[in-house]
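This report describes selected features of one model. Please consult the sequence and the coordinates alongside the text.

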Amino acid sequence: MAASVKAFSQMSRPQVAARMSRSSLKVNAYKVTLEFPNGRTKSLEVQKETSVLDAVDAAGVDLPYLCRTGTCGTCASKVVSGQVDLVGNHVLSPEQVAKGYVLLCSTYPKTDVVLRTHQEEQMHLSPYEDQ
């Protein structure tokens, strides 16, 4: 009977996970927070291989867009914090990209990120009017 008690106590011990550093973990999704013109925010999880616009659309969030190919600029947004990959941009100038403008249809998160939406008109303002 002592052997069966020992076997049971070994089976019921919780398994301790191996310690892993944050740099050794592979992140598959990031927190994307959208800041709307009315001051409201919406956060959602976006897979690293999914464009922000596709994730936003799947979540039922209504944002302006037309082409989904990076050619119209309707889904323009501005990075407030974090990092993204901008893939397939055919509209934004290097100067606009340097200021943080992105197209949601061509933007993939690289970190948790905050994006200010509805920036199509703002990105065309002169440098003196840019905020």
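## Placement of Gln122

Where is the place of Gln122? Gln122 belongs to the segment after strand 7, the strand that covers residues 113–116. The structure is a predicted model, and the values below are computed from it.

Is Gln122 buried or exposed? Its relative accessibility is 19%; because buried means under 20%, Gln122 counts as buried. Along the chain, Gln122 and Tyr101 are 21 residues apart. In space, a distance of 9.6 Å separates the C-alpha atoms of Gln122 and Tyr101.

## The sheet

An open sheet is formed by 5 strands, and its order is 2-1-7-3-5. The pairing within this sheet is mixed. Its edge strands are strand 2, residues 41–47, and strand 5, residues 101–103, each of which pairs on one side only. From one strand to the next, the twist averages 35°.

## Pairing from strand to strand

Strand 1 spans residues 29–35 and runs antiparallel to strand 2, to which 7 bridges join it. Within the neighbouring pair of this order, Thr33 stands opposite Ser43, a residue of strand 2. Strand 1 also pairs with strand 7, here in the parallel sense and over 4 bridges. Leu34 has Leu115 of strand 7 as its bridge partner.

Strand 7 pairs with strand 3, residues 76–81, in the antiparallel sense over 3 bridges. Which residue of strand 7 does Val79 stand opposite? The residue is Leu115, which is also the bridge partner of Leu34.

## Rings and charges

The count of aromatic pairs comes to 0. Two arginine side chains may nevertheless be described with respect to rings. The charged end of Arg40 sits over the ring of Phe36, at 4.4 Å from the ring centre. Likewise, the ring of Tyr65 has the charged end of Arg68 over it, 4.5 Å from its centre.

## Internal space

How many cavities of 30 Å³ or more does the count give? The count comes to 1. The largest cavity holds about 30 Å³ of space.

The lining of the largest cavity consists of Leu63, Pro64, Thr74, Cys75, Ala76, Ser77, Leu104, Thr117 and His118. Of these lining residues, Ala76 and Ser77 fall within strand 3, which covers residues 76–81.

Note on methods:
Residues numbered from 1 in each chain as written. Predicted model: local features only at pLDDT ≥ 70, side-chain atom pairs only at ≥ 80, totals over all residues. Heavy atoms only, no water. Pairing = 2+ DSSP bridges. Helix = DSSP H or I, 4+ residues; strand = E, 2+ residues; numbered from the N terminus. Axes fitted to C-alpha atoms, helices over the stretch in contact; angles between N-to-C directions. Buried < 20%, exposed > 50% of the residue type's maximum accessible area, 1.4 Å probe, protein only. Phe/Tyr/Trp six-rings, centres within 6.5 Å; stacked < 30°, edge-to-face > 60°. Lys NZ or Arg CZ within 6 Å of the ring centre and 35° of its normal. 1 Å grid on protein atoms, 1.4 Å probe; cavity = no way out; pocket = protein on both sides within 12 Å on 5 of 7 lines; lining within 4 Å. Points joined across faces, edges and corners; volume = space filled by probe spheres on them.
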